Amino acid sequence: MLELDHLAIAAATLDEGVAAVEAALGVRLAAGGRHEAMGTHNRLLRLSPALYLEVIAIDPEAPPPNRARWFGLDRFRGRPRPAAWVARTAELTAALPQAPAGTGRPMDFARGDLRWRMAVPEDGELPFDGLFPALIEWQGGLHPVAMLPDTGCRLVGLELYHPRADDLCHALEGLLDDPLVAVHPGPEPALRALIDTPHGRRILE
């Protein structure tokens, strides 16, 4: 079974994404880091003892990778918004054959003391227009949440909207059973994150 791990908020620049999320939630994001293999960087926010949010963007100081970046960042345009969600598994190799075609191939990553494997699509685009989760396997027992301050924010719902909602539900069936994740029919693919903050409930969409 998969477990909800984190939410990716894409932005044209990291500063723009951080400003938008901090203004929406009324809290400060924590430091993140750089992903050399992808040419991206991020900032983080704890959403529960086992769940976090990352604002992620192309790192202008990093050399371009020799492959497509994750979360469709190479083609990202417009305002900062939820672009993908990530689900963790204890065994990525076993989970991938149960996922839709195009979920990606495993790649190894490291940042500081963090070590993980993640399935990255060849073209950077996850199945179902980005609404099927990216799959991650944390290694070494260390998770980013352990290093993040608790700002009082909690994810209370992740809403997925897609014209092929039934197909998306079928793809997730048997892999993920999480009351926070709900799939709805919609005219266009969209992600909405409902977050309780010290200032009341806020929505990132």
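**Close-up views of a predicted model**

**View 1. Strands S2 and S3 pair side by side.** Four bridges is the count here: S2 and strand S3 (residues 40–48) pair over 4 bridges, in the antiparallel sense. This is a predicted model. Arg-34 faces His-41 of S3 across the pairing. S2 itself covers residues 30–35. Strands of a sheet pair through backbone hydrogen bonds, either parallel or antiparallel.

**View 2. Eight strands form an open sheet.** The order is S2-S3-S4-S1-S5-S8-S7-S6, and the pairing is mixed. S2 and S6 are the edge strands, each pairing on one side only. Neighbouring strands in this sheet are turned by 30° against each other on average, direction ignored.

**View 3. S6 and S7 make a hairpin.** Strand S6 (residues 105–111) runs antiparallel to S7, and 7 bridges join the two. Between them sit 2 residues. Gly-112 lies in the turn and has a positive phi of about 60°. Further along the pairing, Asp-108 has Arg-117 of S7 as its bridge partner.

**View 4. Strand S7 is mostly covered.** S7 spans residues 114–120, and 6 of its 7 residues are buried. S7 also pairs with strand S8 (residues 134–139), again in the antiparallel sense, over 4 bridges. Trp-116 stands opposite Trp-138 of S8. In the sheet order, S7 sits between S8 and S6.

**View 5. Two separate nonpolar cores.** The largest nonpolar core has 41 residues. Within this core, Leu-53, Trp-85, Leu-135, Leu-158 and Ile-195 touch the most other members. Another core, of 25 residues, lies apart from it. Its members include Ala-30, Ile-56, Trp-138 and Leu-148. Trp-138 of this second core is the residue that stands opposite Trp-116.

**View 6. Helix H3 has a buried face.** H3 covers residues 165–172, and Ala-165, Leu-168, Ala-171 and Leu-172 are buried in it. Seen down the helix axis, the buried residues of H3 fall within an arc of 120°, so they line one face. An α-helix has 3.6 residues a turn, so residues three or four places apart point the same way. Asp-166 and His-170 are exposed, on the other side of H3.

**View 7. What lies over H3, and what follows it.** The cover on the buried residues of H3 includes strand S5 (81–88), strand S9 (154–162) and strand S10 (181–185). Of these, S5 is also a strand of the open sheet. Just after H3, Gly-174 takes a positive phi of about 85°.

**View 8. Surroundings of Glu-3.** Glu-3 is found in strand S1 (residues 3–10). Its relative accessibility is 45%, so Glu-3 counts as partly exposed. Leaving out residues up to four places away in sequence, Glu-3 touches Val-86, Ala-87, Arg-88 and Leu-176. Ala-50 is 47 residues from Glu-3 in sequence, with a C-alpha to C-alpha separation of 9.4 Å in space.

**View 9. The annotated span, end to end.** An unreviewed UniProt entry places the feature "domain: Glyoxalase-like" at residues 4–175. The end C-alpha atoms of this span lie 11 Å apart. Residues 4–175 are 14% helix and 39% strand.

Terms used. Residues are numbered from 1 along each chain as its sequence is written. This is a predicted model: local features need pLDDT of at least 70, side-chain atom pairs count only at pLDDT 80 or more; totals for chains, interfaces and linings use all residues. Side-chain values use heavy atoms; hydrogens and water are left out. Buried means under 20% relative accessible area, exposed over 50%, partly exposed in between (1.4 Å probe, protein chains only). Two strands pair if DSSP finds at least two bridges between them. Axes are lines fitted to C-alpha atoms, for helices over the stretch in contact, and angles run from 0 to 180 degrees between N-to-C directions. A nonpolar core is a set of buried Ala, Val, Leu, Ile, Met, Phe, Trp, Tyr and Cys residues joined through side-chain atoms within 4.5 Å. The arc is that of the directions from the helix axis to the C-beta atoms. Contact means heavy atoms within 4.5 Å. UniProt positions are given in the numbering used here, feature names are shortened, and annotations may be inferred rather than shown by experiment.
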